[in-house]
Every structure is written in structure tokens, then in C-alpha cells.
Amino acid sequence: MSLLADFDGPATFALDGASAAAEPDVGALRAVAAAVADGLGRPRKRLPAWLLYDRRGSDLFERITDLPTYYLTRTERALLAAHAGEMIDAAGPPLGVVELGAGTASKTGLLLAALLARQERVLYRPVDVSPTALAQAAADLAHTERLTVRPVVARYPDQLGFLDPVGERRLVLFLGSNIGNFNPLEARTLLTALRRRLAAGDALLIGADRRKSPRILLPAYDDPEGVTAEFSRNVLHRLNRELGADFDLDRFSHLVRWNQAASRIEIYLQSRVAQRISLPRPGLQIRLREGERIHIESSYKLGIRRLAALFTRAGLRLERSWYDQRRWFGVHLVRVPPPNGRSLH
Ligand code: AVJ
């Protein structure tokens, strides 16, 4: 395995042992402070979902993926296990693989194995905001022969330099329903930016959770074990550590709502009491009323028609979809069409 430098702006860096272990660098801290100043300075307070994934947050998310009520990961894994060969054949090897929000890449091995059965060497670039998750991904894949892994720490869509041409057709993986964290406008902006960076014929494999009964959705985000609540509250712990803030985690509860009209799960931290918080690093004092909420995450659950419309508006072509038997989760192959819109065949 080789770890080469991939620089694209201040907060994108190649992963090596040192950066995986070290505290966040100055650029990363500045990004956290700016996001917090913006989000908590608003009348309706919010924090961006990427803040959830520090070292402990990434570990807690891994625990979430094993929870009985969190069906997403195991459903998608089963889909990949059953159809990886078909998915790779449909994408059309030889391929270079980039993965957005790779995390520990625990499901990606299924696709990489199918690809390695079809081509001699594979270059795989996992991209994530979490250096610790990427270090785990790289370690897990280190012994796979004929595979080169180049992890990149970056936030998308701000930083897309990792998409630079690799000499073969690119396959961009966007699995785990990570796309659900983006609202429709953000998702369209991200997919459009990806499409512009890619070449005609390049493909994306997008995993997306589907709309279903709130009786199934709510427990997936509000598990009886309380792991998701801990994952949510951990963002405050991060702000205490990185920004010197004085959040008392016991004064916040994890709150999950199904927003029918917007077709999304909404996750909040709700203040149990009236309180003041000081955040020395962006230099901010905030007040929270009793019951006031900080919106920390949305998880959109789109039907295939809305998803297809999203792809079309981003200039992408939906070629094929795979679903599990219950049709709870879909994996979609979309393609960058030629500029003149003619068929690729
Ligand atoms: C990683 C964005 C796909 O929305 O299901 C899980 C994040 N948050 N439980 C999701 C999450 C709380 C997850 N994604």
C-alpha cells in the first residue's frame, strides 16, 4: 500500500501515521470555529453534520452500524454482497475507485474484490473527514494484493481535488445513504460539482435509504441502547475540547423527529434548561431557552422518482438500481453522459 500526497487547499491532506494520531491542525480548527460561529449565531441554531465525526464520533458511528434497529448498513452490505459483480460490470472496468465519506470502508471490500477479479491493479482513494476512520480503512485493506490505497482527508464538496483523472474510467462510490445528510439543493450542488469534475463515461454508485414508515425510521435514529444519543451529544464534547466551550452534556437530550413534508429524519440536541454557553475560540456567547433545539443532522429518505429527478437535474443519467427484497434501501448506478447527450454505446 502506498500513501502519496494529495494536496488540495489547506484542509485536504494525505493521510499518514502522524496526521492520523495528531490533534486537528490549525486549518481544521479554523473550519470548526467558523462552522460553529455561523451555525450557533442563527435564530434557529444548527451545526453541520460533518462535525459529528471526530475520533470518538467515528467510533460511535461504527457502533451505530451494528445496532439491531439501524438496518441501513447491514441492508446495503447484503446488497453489495449479492450484486457486487453486476455492479462492477455495469460500471464497466477497468476502473479507478474514489469513495466519498468512506469511513472505515467496511463494505467497500466487496466491490473492490469484484473489481480485482476483473482487472490487474486497482487504485482506491477513500475520502473522509475523519483521519482515524481512514487509518482504519487503510489498515484493513493493507494486505489486499494488487490494490493501492490512497486515503484523502477532505470535506466535500468544498474540496474535490481527489477526483483528478487517474488514467482510467472513474467509479465514485457514495454509499451508506451519506447523500441523505444533504438537503435537495445541497445534494444537487454536490452531484453537479462531481459531474463537472468527472469525464463522460465515468460512473457513480450511490446508496440511498428509502422512505418508509416512521415506526421503522425513528428507532433507527433513536435506539433503545442510547448509542445514537451518545453520538449526537459527542459533538458538544468535541466543541468543548477543540474550541474550549463549556457545554454540559447532561443538559442536552437527543431528539429525533420524522418530518413528513420534507421526507427526512431530523436530529436535534434539545436544551433541558435555560442556559448560557461560552465558546472562547470563535469568541461567542450563546443563550439557549429551555426546550430550544440545535439541529445537528438531517437524513433524507427519498423515493426513486425524487432521486431520479435529483440525478437528472445534476446532469447525470440513472442506468440501473438494485434493491433488497423489502425494498428498504437502493444502490443506484448513474453515469456522466457525453456533452452532446448522445448515447455512450
Ligand atoms: C452516515 C449520514 C448515512 O443518516 O443514517 C446515523 C448518520 N446519524 N445515525 C444516517 C447517522 C445517526 C447516517 N449517515
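In the predicted model, the charged end of Arg 326 is positioned over the ring of Trp 328, at 3.6 Å from its centre. A further arrangement of this kind involves Trp 50, whose face is covered by Arg 155 at 4.4 Å from the ring centre.

Contacts between aromatic rings were also examined. A pair of aromatic rings is described by the distance of the centres and the angle of the planes. In total, 10 aromatic pairs were identified. One of them joins Tyr 71 to Trp 328 in an edge-to-face arrangement, with 4.9 Å from centre to centre and 70° between the planes. Tyr 71 belongs to helix α4 (residues 71-91), whereas Trp 328 is located in the loop between β13 (317-323) and β14 (329-335); the pair therefore ties together parts that are 257 residues apart in sequence. Tyr 71 has a relative accessibility of 4% and is therefore classed as buried. Trp 328 is likewise buried, its relative accessible area being 18%, which falls under the 20% limit for this class.

Phe 247 and Phe 252 constitute another edge-to-face pair, in which the ring centres are 5.8 Å apart and the planes form an angle of 65°. Phe 247 is buried, with 5% relative accessible area, and Phe 252 is also buried, at 0% relative accessibility.

Beyond these individual pairs, a cluster of aromatic residues was found. Tyr 53, Phe 61, Tyr 70, Tyr 221 and Phe 231 are linked into this cluster by ring pairs.

How values were computed
Residues are numbered from 1 along each chain as its sequence is written. This is a predicted model: local features need pLDDT of at least 70, side-chain atom pairs count only at pLDDT 80 or more; totals for chains, interfaces and linings use all residues. Side-chain values use heavy atoms; hydrogens and water are left out. Rings of Phe, Tyr and Trp (its six-membered ring) pair if their centres lie within 6.5 Å; planes under 30 degrees apart count as stacked, over 60 as edge-to-face and the rest as tilted. Helices (H or I, at least four residues) and strands (E, at least two) are DSSP runs, numbered from the N terminus. Buried means under 20% relative accessible area, exposed over 50%, partly exposed in between (1.4 Å probe, protein chains only). A charge sits over a ring if NZ of Lys or CZ of Arg is within 6 Å of the ring centre and within 35 degrees of the ring normal.
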